[in-house]
Amino acid sequence: ENGYETGEHAPGLKLGGCGAYKAAHHIIKTHAKVWHSYNNTWRREQQGMVGISLTSGWGEPVDPHSQTDREAAERYIQFHLGWFANPIYRGDYPEVMKNYVGRKSAQQGLGTSRLPTFSVQEKTYIKGTSDFLGIGHFTTRYVLQKNFPFLQVSGYHTDRDLAELVDPNWPAPGPKWLYSVPWGFRRLLNFIKTQYGNPLIYVTENGVSEAVQCTQLCDEGRIQYLKGYINEILKALNDGVNVKGYTAWSLLDKFEWNKGFSEKFGLYHIDFKNKNKPRYPKASADYYKKIISANGFPNAREV
């Protein structure tokens with residue numbers, strides 16, 4: 001969506017209301033082809049696994065007693081995670097995506113939906129092409145119903161008919177989009193368990209950048225973020241979610257999309273102004289090292 005609809009990220013294309021859907025369609029079909037290639041050629045010899053890594057936030061209804069808010073929150077997840085996971089685990093795009101994009105396309109006077117369709121053969125070919133599911137997760141939003149007028153040019157964001165809100169009390173230790181809401185991760189993991197048959201999960205990305213560079217490398221906000229989110233993964237494990245591994249994002253400060261080197265997600269600070277790029281451990285590196293050594297929280301009272 002950022003690369004092919006808004007043009008915010010590379011390759012910077014603004015292809016109206018269909019660019020994101022077309023790009024995703026190709027990603028899903030390509031992923032399936034790679035899985036089958038490995039399955040047919042290398043699996044017997046190597047005994048490896050092929051999966052896909054999907055990044056998704058969690059959407060919580062503003063009013064859990066409101067049917068429209070609950071449905072809007074469901075759409076948020078289906079348009080985010082289900083867009084890619086549903087074809088791989090269930091054989092097709094989520095019904096709510098097909099319905100909403102199809103209806104909006106018809107209202108625009110288009111003969112076909114802007115959301116591409118899979119043939120029967122493609123659905124069969126794609127379904128089941130994942131030995132594990134990689135999950136990147138950073139934050140949560142409250143979600144409620146919001147109708148966008150028919151005359152507006154429709155795209156990925158307006159197709160969903162929803163609005164996103166945040167709680168001003170949520171900590172925001174990093175960039176303005178990333179609020180620390182650990183309980184959303186447990187709910188997302190349980191959603192995956194019930195929606196896709198409890199697949200094997202590896203957490204491939206989870207972390208926060210610091211908004212202000214602390215000269216003493218005392219990134220307390222990141223420590224609290226990691227503590228909260230890892231604790232919710234432990235709760236999800238107790239719920240029966242099949243989480244096999246966890247990766248903090250990220251080992252090093254790095255080039256971060258269109259933010260360049262200004263957003264620092266690393267456990268290690270890099271001095272980019274020095275030609276040798278020296279690296280210095282932040283406080284979170286020591287904290288995370290203790291979690292790894294103990295394979296959990298070193299202090300049971302923290303849990």
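This briefing walks through aromatic pairs, an annotated site, a pocket and some backbone details. The model is predicted, so please read every value below as computed from that model. A good place to start is the set of 21 aromatic pairs found in a search of the whole structure. From there we move to E205, which carries an "active site" feature in an unreviewed UniProt entry, and to the largest pocket, with a volume of about 1,700 Å³.

**Aromatic pairs and the cluster**

- The whole structure holds 21 aromatic pairs, and Y21 with Y156 is one of them, edge-to-face with 6.4 Å from centre to centre and 65 degrees between the planes.
- This pair ties together parts that are 135 residues apart in sequence, because Y21 lies in helix α1 (residues 19-41) and Y156 in helix α6 (residues 156-159).
- Y21 is buried, at a relative accessible area of 0%, and Y156 is buried too, at 5%.
- Another pair joins F255 and F261, whose ring centres are 5.4 Å apart; with the planes at 80 degrees, the pair is edge-to-face.
- F255 counts as exposed because its relative accessibility of 54% is over the 50% cut-off, while F261 is partly exposed at 40%.
- Y21 and Y156 also belong to one aromatic cluster, together with F79, W83 and F84.
- A charge meets a ring at Y100: the charged end of R103 sits over that ring, 4.7 Å from its centre.

**A24 in helix α1**

- Helix α1 also holds A24, a buried residue with a relative accessible area of 2%.
- Apart from neighbours within four places in sequence, A24 is in contact with W83 and F84, both of which are members of the aromatic cluster.
- The C-alpha atom of A24 is separated by 9.5 Å from that of P116, a residue 92 places away along the chain.

**The annotated site at E205**

- Where does UniProt place the feature "active site"? The unreviewed entry puts it at E205.
- E205 is found in strand β6, which covers residues 201-205.
- Beyond its neighbours within four places in sequence, E205 is in contact with T55, I135, G136, H137, F138, T247 and W249.
- Two of these contacts turn up again below: T55 is among the residues nearest the centre of the largest pocket, and W249 takes part in a cis peptide bond.

**The largest pocket**

- The largest pocket has a volume of about 1,700 Å³ and a lining of 43 residues.
- Which residues lie nearest the centre of the largest pocket? They are E1, N2, H9, T55 and H80.
- Two or more lining residues come from each of α1, β1 (52-55), α3 (67-90), β4 (140-145) and α6.
- Helix α3 gives the largest share of the lining, with 6 residues.
- H9 belongs to the segment before α1 and counts as buried, with 14% relative accessibility.
- Setting aside residues up to four places away in sequence, H9 touches N2, G3, W257 and N258; of these, N2 is also named among the residues nearest the pocket centre.

**Backbone details to look at**

- As background, most residues other than glycine have a negative phi, and most peptide bonds are trans.
- The peptide bond from A10 to P11 is cis, with omega near 5 degrees, and P11 is in the segment before α1.
- A cis peptide bond also runs from W249 to S250, with omega near 15 degrees.
- S250 lies in the loop between β7 (243-246) and β8 (268-270), while W249 is one of the contacts of E205.
- D161 is not a glycine, yet it has a positive phi of about 50 degrees.
- The loop between α6 and β5 (162-165) is where D161 is placed, and D161 is buried, with a relative accessible area of 4%.
- N198, which is not a glycine either, has a positive phi of about 50 degrees.
- N198 is placed in the loop between α7 (183-195) and β6, and counts as partly exposed at 26% relative accessibility.

Definitions and conventions:
Residues are numbered from 1 along each chain as its sequence is written. This is a predicted model: local features need pLDDT of at least 70, side-chain atom pairs count only at pLDDT 80 or more; totals for chains, interfaces and linings use all residues. Side-chain values use heavy atoms; hydrogens and water are left out. Rings of Phe, Tyr and Trp (its six-membered ring) pair if their centres lie within 6.5 Å; planes under 30 degrees apart count as stacked, over 60 as edge-to-face and the rest as tilted. Helices (H or I, at least four residues) and strands (E, at least two) are DSSP runs, numbered from the N terminus. Buried means under 20% relative accessible area, exposed over 50%, partly exposed in between (1.4 Å probe, protein chains only). A charge sits over a ring if NZ of Lys or CZ of Arg is within 6 Å of the ring centre and within 35 degrees of the ring normal. UniProt positions are given in the numbering used here, feature names are shortened, and annotations may be inferred rather than shown by experiment. Contact means heavy atoms within 4.5 Å. On a 1 Å grid over the protein atoms alone, a cavity is a set of points where a 1.4 Å probe fits but cannot get out, and a pocket is an open set with protein on both sides within 12 Å along at least five of seven lines; lining residues have an atom within 4 Å of a point. Grid points are joined across faces, edges and corners, and a volume is the space filled by probe spheres set on the points.
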